[in-house]
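Student: I have a structure in front of me and would like to work through it step by step. Could you take my questions in turn?

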Amino acid sequence: MTSAASQLPHQRNGLGIAYRVMAMACMACLSAIVKWTGERGVPVFEIILFRNLFAFAPLGLYIWRTTGFSVLKTRRPLGHLTRSAIGIFGMVCGFSAVQYLPLTSATALNFAAPLFMTALSALILHEPVGRHRWGAVVVGFLGVLIMARPEPGHMNVLGVSLALGGAVGSAGAMVAIRQIAATEKGPTIVFYFTAAGVLLGLVGSAFRWVTPDPVTLGLLILGGLIGGVGQLLLTEALRVAPVGVVAPFDYIQLIWATGLGFLIWGELPQPATLAGALVVAASGVYILHRELARRRVLAPAAPACPDPTSATR
């Protein structure tokens, strides 16, 4: 009995890691679908509409089987509005970025989100950020510069700007989540963000709508389902294992994105992209380590560290 009990945390950690790896595969597939459908003329707001509308299928099933729909009651409607507005800004930028950059590059630049989140937490939430985390932020942004290659004739200004805008939106959304996480559950936050995405997609699509062919329509629907499943896998990973165990596996998304980029578009990542991504990933993991160490010191007064990856997907 004692031996079995001691093995349970390890088994749950393994399950959490498996959920996280599958979630990253879903997110890489979603990015590939966004890029593929965008290349076929589907506007970004129409893609956002399908992404969020069909995500309601797995999300609704999950809420029904776990928390029940009473979880949708909220005491923070303005908080949800702020979180959704910032997150949707990040989604628009991120979905647009993959139209201008190779899939691997767009994915790697999105890894800058934890760097922005650290800076925004200090500026907006007035959280203490020590010299170790500020140092990691500086090193991480050096990695971003390596990936962006700001030399004349080498930098894709629009694509890089959109990708970094997506990272800023993701970071800002996580800061907003921190402000409402004490009273709002994860499924509640995801539900209202998804609803806001549907509303924005409808409004944007009213100005420009492109009727997709059957194959493109099928991929748009599949993108919504995959995005919803990926979001739930992110949630489940944190339910069964600590964030410090599962979050470092987010960087596996770069492997999925590299494989899909090569198989579909014949893209090979530039050495500068891989080198910069490694620097940014190392900085992000170190920031996560320092953040969790700080929260262990402040526990139990501090709320749980929110998931830094699920804000705009």
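Student: Does Glu39 count as buried, partly exposed or exposed, going by its relative accessibility?

Tutor: This is a predicted model, so the value is computed from predicted coordinates. Buried means under 20% relative accessible area and exposed means over 50%, with partly exposed in between. Glu39 has a relative accessibility of 43%, and therefore Glu39 counts as partly exposed.

Student: Which residue forms a salt bridge with Glu39?

Tutor: Side chains of opposite charge can pair when their charged atoms come close. Here the closest N and O atoms are 3.9 Å apart, and the cut-off for a salt bridge is within 4 Å. The partner is partly exposed, with a relative accessible area of 42%, and the residue that forms this salt bridge with Glu39 is Arg40.

Student: Over the face of which residue does Arg40 lie?

Tutor: Besides its salt bridge with Glu39, Arg40 has a place over an aromatic ring. The distance from the ring centre is 3.5 Å, and the ring belongs to Trp36.

Student: How many salt bridges does a search of the whole structure find?

Tutor: One of them is the pair of Arg40 and Glu39. Another joins the side chains of Asp250 and Arg20, and Lys35 forms one with Glu267. The search of the whole structure gives a total of three.

Student: How many residues apart are Asp250 and Arg20, whose pair links distant parts of the chain?

Tutor: The side chains of Asp250 and Arg20 meet in a salt bridge, at 2.6 Å from N to O. Asp250 lies in the loop between helix 11 and helix 12, whereas Arg20 belongs to helix 1, which covers residues 2-39. Both residues are buried, and their separation along the chain is 230 residues.

Student: Are Lys35 and Glu267 buried or exposed?

Tutor: These two residues form a salt bridge, with the closest N and O atoms 4.0 Å apart. The pair links distant parts of the chain, since Lys35 is in helix 1 and Glu267 is in the loop between helix 12 and helix 13, 232 residues apart. Lys35 also lies over the face of Trp265, at 5.5 Å from the ring centre. As for their accessibility, Lys35 and Glu267 are both buried.

Student: Which residues do ring pairs link into a cluster?

Tutor: The structure holds six aromatic pairs. Ring pairs can share members and so build up a group, and the cluster linked in this way consists of Phe50, Phe54 and Trp209.

Student: Why does Ile63 count as buried?

Tutor: Ile63 is found in helix 3, which covers residues 56-65. Leaving out residues up to four places away in sequence, Ile63 touches Gly68, Phe69, Val71, Leu72, Pro187 and Phe191. The C-alpha atoms of Ile63 and Thr188 are 9.0 Å apart in space, although the two residues are 125 apart in sequence. Ile63 counts as buried because its relative accessibility is 0%.

Student: Which residues does Ser84 touch, not counting residues up to four places away in sequence?

Tutor: Ser84 lies in helix 4 and, at 4% relative accessibility, counts as buried. From C-alpha to C-alpha, Ser84 is 8.9 Å from Ala176, with their positions 92 residues apart in sequence. The residues that Ser84 touches are Tyr192, Phe193 and Ala196.

Student: Which residues make the nonpolar surface patch of about 460 Å²?

Tutor: One member, Leu263, is found in helix 12, which covers residues 253-265. Leu263 has a relative accessible area of 69% and is therefore exposed. Together, the patch is made by Phe262, Leu263, Ile264 and Leu268.

Student: Stepping back to the chain, what share of its 313 residues is buried?

Tutor: The chain has 13 helices and zero strands. Its accessible surface comes to about 14500 Å², and 71% of that belongs to carbon and sulfur atoms. Among contacts between residues at least 6 apart in sequence, 91% join residues at least 24 apart. The buried share of the 313 residues is 50%.

How values were computed:
Residues are numbered from 1 along each chain as its sequence is written. This is a predicted model: local features need pLDDT of at least 70, side-chain atom pairs count only at pLDDT 80 or more; totals for chains, interfaces and linings use all residues. Side-chain values use heavy atoms; hydrogens and water are left out. Patches are made of residues with over 30% relative accessible area and no salt bridge: like charges are joined within 9 Å, nonpolar side chains (Val, Leu, Ile, Met, Phe, Trp, Tyr) within 5 Å. Accessible areas come from the Shrake-Rupley method with a 1.4 Å probe; for residues, only the protein chains shown count as cover. Helices (H or I, at least four residues) and strands (E, at least two) are DSSP runs, numbered from the N terminus. Buried means under 20% relative accessible area, exposed over 50%, partly exposed in between (1.4 Å probe, protein chains only). Contact means heavy atoms within 4.5 Å. Rings of Phe, Tyr and Trp (its six-membered ring) pair if their centres lie within 6.5 Å; planes under 30 degrees apart count as stacked, over 60 as edge-to-face and the rest as tilted. A charge sits over a ring if NZ of Lys or CZ of Arg is within 6 Å of the ring centre and within 35 degrees of the ring normal.
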